[in-house]
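Please show me the model, and let me ask how each label in the analysis was arrived at. I would like every answer to set the value against the cut-off that decides it.

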Amino acid sequence: MMRHLPGAQGHVGLPGQRLVQAAFDSAGAGIYLTDHAGRITMANRQAGALLGRSVAEMVGANAHDLLHRGPDDGLTPRSPCRLMGVLEHGRPARGDESIFLRGDGSLLPVSLSAAPIVQEGGQVLGLIVVFTDITERLNLSRQQADQLAMLEDFNARLTLVTEITSVLTQTLEVDEALRRLGRLIVPRLADWAVVDLRIDHDEVERVVVIPPADEARRSPLPEPSSPLLARVLDRGETVLLGPDEMVGEAGSCMAAAQRELFAAWRAVSAIITPLRTQRQVLGALTVARTDPARPFDATDVTLVTDIGRRAGLAVGNARLFGQQREVAETMQHHLLAPLPKVGHLQLAARYLPAPVGSQVGGDWYDAFLLPDGVTALVIGDVVGHDITAAAEMAQLRSMVRTLAWDRCVSPSLVVNRVDQAMSAVTDVPMATMIFARVEGPEGGPWQLRWSNAGHPPPLLVTPDGRARYLEQRQDLLLGLRLGIESTRRDAVEPMPAGSTLVLYTDGLVESPGSDLATGLARLLRQAAAAAHRPLEDFCDGIVRRIPLGTTDDVALLALRLPACGADT
């Protein structure tokens, strides 16, 4: 018959048990023993302290019923209980995140080890359980998980801002830039987004709509007009809206149209932020979420406000670029003479200034009738793409016209005279140029006679889609002045009826990150594929496919022969 040790720590009877009890009480972990039925037969003081129970209360109680709980505070069934399994199978068990019920009803997360108490014959008499409180460890783990989640969220936001900045700077087309912005925001930051732009002080246009992924958009959206939107546009404030603000009251700043927008797409949280530059507000970005469990917070407001600022600067820069580009094109076209009307020939030209604001450049084209009735074609490029290059280009263009009109001589002699006179009567340091004559009667046959001073070769495209560069007689550029006698000579090439001749400057075939050979091959393919198209469409298609990143201005001059007439 066992008896209690002083302090009522459990059943004792033999002196050896006192030693065991003393060892139990001095241990740094909670320890209890059970019999084969799972009733607690002994426990140490640390177990009582951890569990908020007296040892006397624990001894004799069924350990499973008294202590074992699941994460939801429910009693753990006996079948999956690790400790019951130790009694049944006689194999040790561990539980790194088990839960015990404390005396006050609270749950204690523990790490435990349980081993069977086996007599010599192998019979399981009970088990010994050693457990420690892991509350602090779990709290630290949760803190680390929260910090990791915060870092991941911060990294995701930083990545989003970086991608948005990149997207906004990849194009100077306002609507395209804003559409790309919307596709980045939805669904990574919001469930839908709308961008409204100010057309003038009183008029706003809805330019981008990125609906929810499951929205079929069977009806048009409300017009972008409300006192709330006006508040954002006029004051430049960012507004955070929750469910209550979205419903609004009669007479409040939430107009019916705005309520209709939020209701149509089930918004429960929204942010409206201005698209602003340093001087003005150009529009507004509205983003919304539809999940009540994930409303926008102050951190989101900061992020969306920053996105709006970046988008506003991009819109402002694009609009300024458009205005400056229009000025540059107008100025350049005034420097370039209009194309002549030649009954049997079609002529078309394009000029694109360098994609750096208002920079005009030194590229030019020209076409005019010579005294002998022949059509002259000129394409050239003065070094540089700034206002100085444009002025030098105008000087050189006028000189070429004058010298070509003065004497009806071969193209190579005209280019020689231009080269000799350039340093004396102009400020042009160096330039490339092609001067060509389209020779032949109105009904054909025709031939091209030209001289090339260091310029990219002419491109000839036949009506059946064959295209090739005319690379014969590539001579030195103008102004090189190597102190040697010029040996310029004409090149001559028959031109089939219906063929197209393309003269161009290097900005059409050169771009950063690509070599000249690649650009020439691309132009060859494009011209061959468009051989059947009307000449104006032919030119538009070529300049429309100029790669992004081109830093030079571009001039293009195209001539098409009539389809009738004898081929040579």
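Q: Why is Trp265 called buried?
A: The relative accessible area of Trp265 is 2%, and buried means under 20%, whereas exposed means over 50% and partly exposed lies in between (1.4 Å probe, protein chains only). Trp265 is therefore buried. This is a predicted model, in which local features need pLDDT of at least 70, side-chain atom pairs count only at pLDDT 80 or more, and totals for chains, interfaces and linings use all residues. Residues are numbered from 1 along each chain as its sequence is written, and side-chain values use heavy atoms, with hydrogens and water left out.

Q: How many aromatic pairs does the structure hold, and what makes Phe100 and Phe131 edge-to-face?
A: There are six aromatic pairs in the structure. The centres of Phe100 and Phe131 are 5.2 Å apart with 75° between the planes; since rings of Phe, Tyr and Trp (its six-membered ring) pair if their centres lie within 6.5 Å, and planes over 60 degrees apart count as edge-to-face, under 30 as stacked and the rest as tilted, both tests are met. Phe100 belongs to strand β6 (residues 93-101) and Phe131 to strand β8 (residues 124-133), so the pair ties together parts that are 31 residues apart in sequence. Both Phe100 and Phe131 are buried.

Q: Why do Trp192 and Trp265 count as edge-to-face?
A: Their ring centres lie 5.1 Å apart and their planes stand at 70°, so the pair is edge-to-face. The two rings link distant parts of the chain, with Trp192 in strand β9 and Trp265 in the loop between α10 (256-264) and β12 (269-276), 73 residues apart. Trp192 is itself buried, with a relative accessible area of 0%.

Q: How do you know that Asp366 and Arg401 form a salt bridge?
A: The closest N and O atoms of Asp366 and Arg401 are 2.7 Å apart, and a salt bridge needs a side-chain nitrogen of Lys or Arg within 4 Å of a carboxyl oxygen of Asp or Glu, so the contact qualifies. This pair also links distant parts of the chain: Asp366 sits in strand β15 (residues 363-369) and Arg401 in helix α12 (residues 387-406), 35 residues apart. Strands are DSSP runs of E with at least two residues, helices are runs of H or I with at least four, and both are numbered from the N terminus.

Q: Is Asp366 buried or exposed, and what is Arg401 called?
A: Asp366 has 2% relative accessibility and therefore counts as buried, whereas Arg401, at 27%, counts as partly exposed.

Q: What makes Glu176 and Arg180 a salt bridge, and what is the distance?
A: Their side chains meet at 2.9 Å, N to O. The two residues both lie in helix α7 (residues 174-185), four residues apart, which is about one turn of the helix. Glu176 is partly exposed at 23% relative accessibility, and Arg180 is partly exposed, also with 23%. A search of the whole structure finds 26 salt bridges.

Q: What makes Glu173, Asp175, Asp200, Asp202, Glu203 and Glu205 a negative surface patch?
A: Asp and Glu count as negative, and Lys and Arg as positive, while His and the chain ends are not counted. A patch takes residues with over 30% relative accessible area and no salt bridge, and joins like charges within 9 Å or nonpolar side chains (Val, Leu, Ile, Met, Phe, Trp, Tyr) within 5 Å. One of the members is Glu203, which at 43% is partly exposed and is placed in the loop between β9 (192-198) and β10 (204-210).

Q: Which residues form the nonpolar patch with about 310 Å² of accessible area together?
A: That patch consists of Val383, Met430, Leu476 and Leu480, with the area taken from the Shrake-Rupley method with a 1.4 Å probe, where for residues only the protein chains shown count as cover. Leu476 is partly exposed, with a relative accessible area of 43%, and lies in the loop between β21 (474-475) and β22 (491-495).

Q: What is the phi of Arg266?
A: Phi of Arg266 is positive, about 55°, although the residue is not a glycine. Arg266 lies in the loop between α10 and β12, and its relative accessible area of 41% makes it partly exposed.
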